[in-house]
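Please open the structure in your viewer and keep the selection tool at hand. We will go from one stop to the next, choosing residues and looking at what surrounds them.

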Amino acid sequence: MGNLAEMKHLHPAPLPGARPRLLIPIDATEASRWALAYARRLAQAGTPPEICLLFVAEPVHSWEVLRFYTEEEVRRHFQQRSALFLDEAAARLQEAGLASRSFFREAETVPGIVDLAEELACTEIVVPATHWLGVFPTGLARKLLQRPCAVPVTLVREDGSTVV
């Protein structure tokens, strides 16, 4: 995966007609990998995307944790943990002949995703279309769709197909 500090550099916005640049948030769930199938579908259709994988770790403010560990120790733990998930996702893409870049952010989840997508001039944020129940849905996709963002959110199913 490389040095996390080196992976945070920014790249210029893509030129018109350039390849799509996808931001794919990755976590411990298998559903977060659905977006990898979407990227493979784009490549098979003749439009290989640039792929940016992101792991967001929410800041730890709990005194129960900070009583025993420093903030730096907690951050380092999540960076190491994120590498497992990001490397696994990158390997799946590499098996399909697709390259990716990996990013780690310590931030609140939705703002962290939106901010990086805008910084990298991504053309899409790709997240799983998981089902949410109840009057007050709280899923990541729903939260991203409710937040103003210059980057469109694409919802995908397990097979990588999009939800219309």
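Helices and strands here are DSSP runs, numbered from the N terminus, with at least four residues for a helix and at least two for a strand. With that in hand, select α1 and go just beyond its end: Gly 46 takes a positive phi of about 95° there. Please keep in mind throughout that this is a predicted model.

**The whole chain**

Now zoom out and colour by secondary structure. You should find five helices and five strands, and reading along the sequence gives the pattern β-α-β-α-α-β-α-β-α-β. Of the 164 residues, 41% count as buried. Among contacts between residues at least 6 apart in sequence, 76% join residues at least 24 apart. If you turn on the surface, the accessible area comes to about 9300 Å², and carbon and sulfur atoms account for 55% of that.

**The largest nonpolar core**

Next, select Ile 24, Ile 26 and Leu 53. Within the 23 residues of the largest nonpolar core, these touch the most other members. At least two residues of this core come from each of β1 (21-25), α1 (34-44), β2 and α3 (71-95). Which element gives the most to this core? It is α1, with six residues. In soluble globular proteins, nonpolar side chains tend to be buried together.

Stay with α1 for a moment and show its side chains. Its buried residues are Trp 34, Ala 35, Leu 36, Ala 37, Tyr 38, Ala 39 and Leu 42.

Then centre on Ile 24. Leaving out residues up to four places away in sequence, Ile 24 touches Ser 32, Ala 35, Leu 36, Ile 51, Cys 52, Leu 53, Leu 54 and Val 126. One of these, Cys 52, leads on to another group: a second, separate core of 20 residues includes Cys 52, Val 110, Ala 141 and Leu 144.

**Ser 32, in a loop**

From Ile 24, move to its contact Ser 32. Ser 32 sits in the loop between β1 and α1. Is Ser 32 buried or exposed? Its relative accessible area is 3%, and buried means under 20%, so Ser 32 counts as buried. Beyond its neighbours within four places in sequence, Ser 32 is in contact with Ile 24, Pro 25, Ile 26, Asp 27 and Pro 128. Try a distance label as well: the C-alpha atoms of Ser 32 and Thr 130 are 9.7 Å apart, although their positions lie 98 residues apart along the chain.

**Helix α4 and what follows**

Select α4 (109-119). On this helix, Val 110, Gly 112, Ile 113, Val 114, Leu 116 and Ala 117 are buried. Show the elements around them: the cover over these residues includes β1, β2, β3 (101-106), β4 and α5.

Now step off the end of α4 to Ala 121, in the loop between α4 and β4. The phi of Ala 121 is near 55°, a positive value in a residue other than glycine.

**The largest pocket**

Show the pocket next; the largest one has a volume of about 350 Å³. Its lining has 19 residues, and Pro 25, Ile 26, Asp 27, Thr 109 and Leu 140 lie nearest its centre. β2 (50-57), α4, β4 (124-128) and α5 (140-146) each supply at least two lining residues. The largest share, four residues, comes from β2. Colour the lining by class and you will see 13 nonpolar, four polar and two charged residues.

**Towards the C terminus**

Select Leu 155, in strand β5 (residues 153-156). Leu 155 counts as buried because its relative accessibility is 14%, below the 20% cut-off. Setting aside neighbours within four places in sequence, its contacts are Val 127, Ala 129, Ala 141, Leu 145, Ser 161, Thr 162 and Val 163. Ile 125 is 30 residues from Leu 155 in sequence, and their C-alpha atoms are 8.5 Å apart.

Our last stop is Val 164, in the segment after β5. Where Leu 155 is buried, Val 164 is exposed, with a relative accessible area of 99%. To place Val 164 in space, label its C-alpha distance to Thr 154: 9.1 Å, for residues 10 apart in sequence.

Definitions and conventions:
Residues numbered from 1 in each chain as written. Predicted model: local features only at pLDDT ≥ 70, side-chain atom pairs only at ≥ 80, totals over all residues. Heavy atoms only, no water. 1 Å grid on protein atoms, 1.4 Å probe; cavity = no way out; pocket = protein on both sides within 12 Å on 5 of 7 lines; lining within 4 Å. Points joined across faces, edges and corners; volume = space filled by probe spheres on them. Nonpolar A, V, L, I, M, F, W, Y, C, P; charged D, E, K, R; others polar. Core = buried A, V, L, I, M, F, W, Y, C linked by side-chain atoms within 4.5 Å. Buried < 20%, exposed > 50% of the residue type's maximum accessible area, 1.4 Å probe, protein only. Contact = heavy atoms within 4.5 Å. Areas by Shrake-Rupley, 256 points an atom, 1.4 Å probe, with all protein chains shown as cover.
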